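Notebook open. I want to look up charged pairs and cysteines here, one entry at a time.

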Amino acid sequence: MFAEALEDILRDRCTPAVVRAIEAGDDPMLLWSAIAEAGFLELLAPESAGGAGLPLDEFFEVALLLGRYAVPLPLAQSMAARALLPEGACPAAMLTFAPGLRREADGWCCPQVPFGAIATAVLADDGDALLLFDCQDAQRLPTGVAHSQAAGLRFTAEPQRFARDGQALRAWGAALHAALIAGAMARAFEMTLQYGNERSQFGKSIGKFQAIQHQLSVMAEQVAASRLAARAAFGAGTAPGLLQAALAKARTSEAVVPVAATAHAVHGAIGVTAEYDLQLYTRRLQEWRLAHGSEAHWHPVIGQALLDSGAPVADFIRDLAAA
Amino acid sequence: MANLLDNFAYATVPPHAQAFRAEVRDFLATEMPTLPADVRARSWMGFDAGFSRRLAARGWVGVTLPQEFGGAALDAFSRFVLVEELLTAGAPVAGHWIADRQSGPLIAKYGTPAQKAFYLPRICAGEAFFCIGMSEPNSGSDLASVGTRATPAADGGWRLNGRKIWTTNAQNCQYMIALVRSSGDPQDRQKGLSQFIVDLSLPGVTVRPIEDLTGDAHFTEVFFDDVSLAADALVGAEGQGWEQVNAELAFERSGPERLYSSIVLLDRWIEVLRDSPDASRHLATVGRFAAHLAALRHLSVSCTARLAAGESPVIEAALVKDIGTTFEQEIPAVISALLGEDPQADVDAELLRTCAYVSQVAPTYSLRGGTREILRGMIARGLGLR
């Protein structure tokens, strides 16, 4: 029901035009406030702290929607931060997660931070504690990728420190992006299917050609597999497990290439134009494939855990699905 | 259209089926013969009547059939667990496999009371093994063009003429359920097709095994030369064979059998890696296979939940089968390349034999139970493209 309520807002307030405007540098606060004032930032905060105490599996639907609407704000991260930080500790900021953290002579550096270009706070993990940085005095290092809101961040001011719950931040970063990828894929797939049914060549819609049908069938397989792989990271408990998140992020990231490729192949040249909406989703798919580790990062993590487990592969994945 | 993807709701195996897994494991620990990996890799081609009968004695052949016929009346999830355990162990299931999965449920659904009373208890006792007669020399993927014909006889029975090919394991089975033309002609396509239970010991039936490239002979060609069938050989309604066959294929396509055909090879390779000094070089490959299998299993469990709810997820099953066989075929392709990485290296002989066998038969994974091209066409239909 939270997902439906959020979608009502996104449908009106997060249109493709709004996404483009924010990516072009417009003030994101109008969209941010609309969502924050409706209380959505507190979905994962415990009920004792005035939050909704939303179970993880229901939160998956919310994260999926944020991907589906290509929301150009670190909303998923800001929501999850309420579950990572102690009650009342989360700032009223546009907060994002740092995939990595490096100590430097005069401060800290966080490379490739999703939404690093606009975030006002960053949560990072130094292996001992969670570090909460205020971006007020941060140096932002844009990636230079057109329309991207990712950026590196350099901090000199001391962060706030909070107790760390194992690798929870790492798992959240991966799981959230798996869900975002699944959401953006679903939208790219719908657009592609619709285009295949509408675009006519040689006197019939291109979706009537067997070659196109088979491409769309394979795309559907990848999208369905990604959706369930992502969903599996949002199981019981209050936070995604690291290996569940690893399976989710690895599988969805790997699907990005065939899914984006087919979406564009079926659309023909119009699909890569700035004016057509498909790029809002496929650009994100490519960027999110890397965010918080691509499949090349997570596959060895999973492989090592499987070898260490001593178990046959089916037992290994089943135990993770049950946990 | 997008409904097709929405139909894959996330589901988990419920506790009763999880608990059942322990029972299956106990059984396999004592009753499964000790076999090398290259023999276990044959699993659903592996015929062992003794094993099938021990499984039947334990109550696990005809697992979804009603108890009044000797079945275990287990739900789709328990069957999923049983099959998953049998296949990951590489158990020889060919004997009872088709009867348990397809023929038994088909007879239970469409058979007359007399047919049920005769066949189902025999299936559940491991006494009646079945094979499926669908393909013919000129009708494989174009199943509606089957030409084997049952002609009404004066005594109310039928005369059967024609032949079936690629029939798995007919030489070890007592019965075949054959899809044949009972009225009209091949131009009528799906109309006029019926399913018949053919007793393979009848005069006029000849079974000829076909040796395959691995040296095995699991496939057969079956000839019907004026075979006299009794009236009660017909299953279901005359002319309704096409609908019946399609309902049957939903059982075949979505289950764990479409994920685990190469699993014995993958597990054997991982075991060898665990003892190898250069395992670290292969972590990414191992992890990738695990990630793929995890996602596939979620898809398969999602379909199983629909079956358990009494639905018939035909299109969804086609989707699972197509992506599942892609995974099953990638395993031998990748492992084979890695085994040949260093021409000077010794390769574990059992692993090599397993990899060779799986590599050689892997092309059949996307043929059996509906070819890749047919399945993709079905998915496209489900997406509203045709």
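**Entry 1: a pair within one helix.** I started with Asp315(A) and Arg318(A), which sit three residues apart in helix α11 (residues 313-322) of chain A, so about one helical turn separates them. This is a predicted model, so I'm reading computed values throughout. The two side chains form a salt bridge, and their closest N and O atoms are 2.4 Å apart. Buried or exposed, I wondered, for Asp315(A) and Arg318(A)? Both turn out to be buried.

**Entry 2: following the charges outward.** Next I asked myself which residues are linked with Asp315(A) and Arg318(A) in a network of salt bridges. My list from chain B reads Arg21(B), Arg25(B), Glu84(B), Glu85(B) and Arg297(B). So noted, with a reminder to myself: side chains of opposite charge can pair when their charged atoms come close.

**Entry 3: a pair from two helices.** Then I went to Glu23(A), which forms a salt bridge with Arg284(A). I wrote down 2.7 Å for the closest N and O atoms of that pair. Where do the partners sit, Glu23(A) and Arg284(A)? Glu23(A) belongs to helix α2 (residues 16-23) of chain A and Arg284(A) to helix α9 (residues 278-290) of chain A, so the bridge ties together parts that lie 261 residues apart in sequence. I checked accessibility too: Glu23(A) has 13% relative accessibility and counts as buried. Arg284(A), at 6%, counts as buried as well.

**Entry 4: another pair in chain A.** I also looked at Arg289(A), which has a salt bridge to Glu295(A) with the closest N and O atoms 2.6 Å apart. Here I got a partly exposed Arg289(A), its relative accessible area being 22%. Its partner Glu295(A) counts as buried, at 10% relative accessibility.

**Entry 5: the tally.** How many salt bridges are there over all chains? My count comes to 43.

**Entry 6: cysteines.** Last, I turned to sulfur. A disulfide is a covalent bond between the sulfur atoms of two cysteines. I searched the whole structure and found zero disulfides over all chains. Cys90(A) is in no disulfide, and I looked for its nearest cysteine sulfur: that one belongs to Cys135(A) and is 13 Å away. The cut-off for a disulfide is 2.5 Å between the sulfur atoms, so this pair doesn't qualify. Cys90(A) is buried, with a relative accessible area of 18%. I looked up Cys14(A) as well, and at 2% relative accessibility Cys14(A) counts as buried.

How values were computed: Residues numbered from 1 in each chain as written. Chains lettered and ligands numbered in written order. Predicted model: local features only at pLDDT ≥ 70, side-chain atom pairs only at ≥ 80, totals over all residues. Heavy atoms only, no water. Salt bridge = Lys/Arg side-chain N within 4 Å of Asp/Glu carboxyl O. Helix = DSSP H or I, 4+ residues; strand = E, 2+ residues; numbered from the N terminus. Buried < 20%, exposed > 50% of the residue type's maximum accessible area, 1.4 Å probe, protein only.
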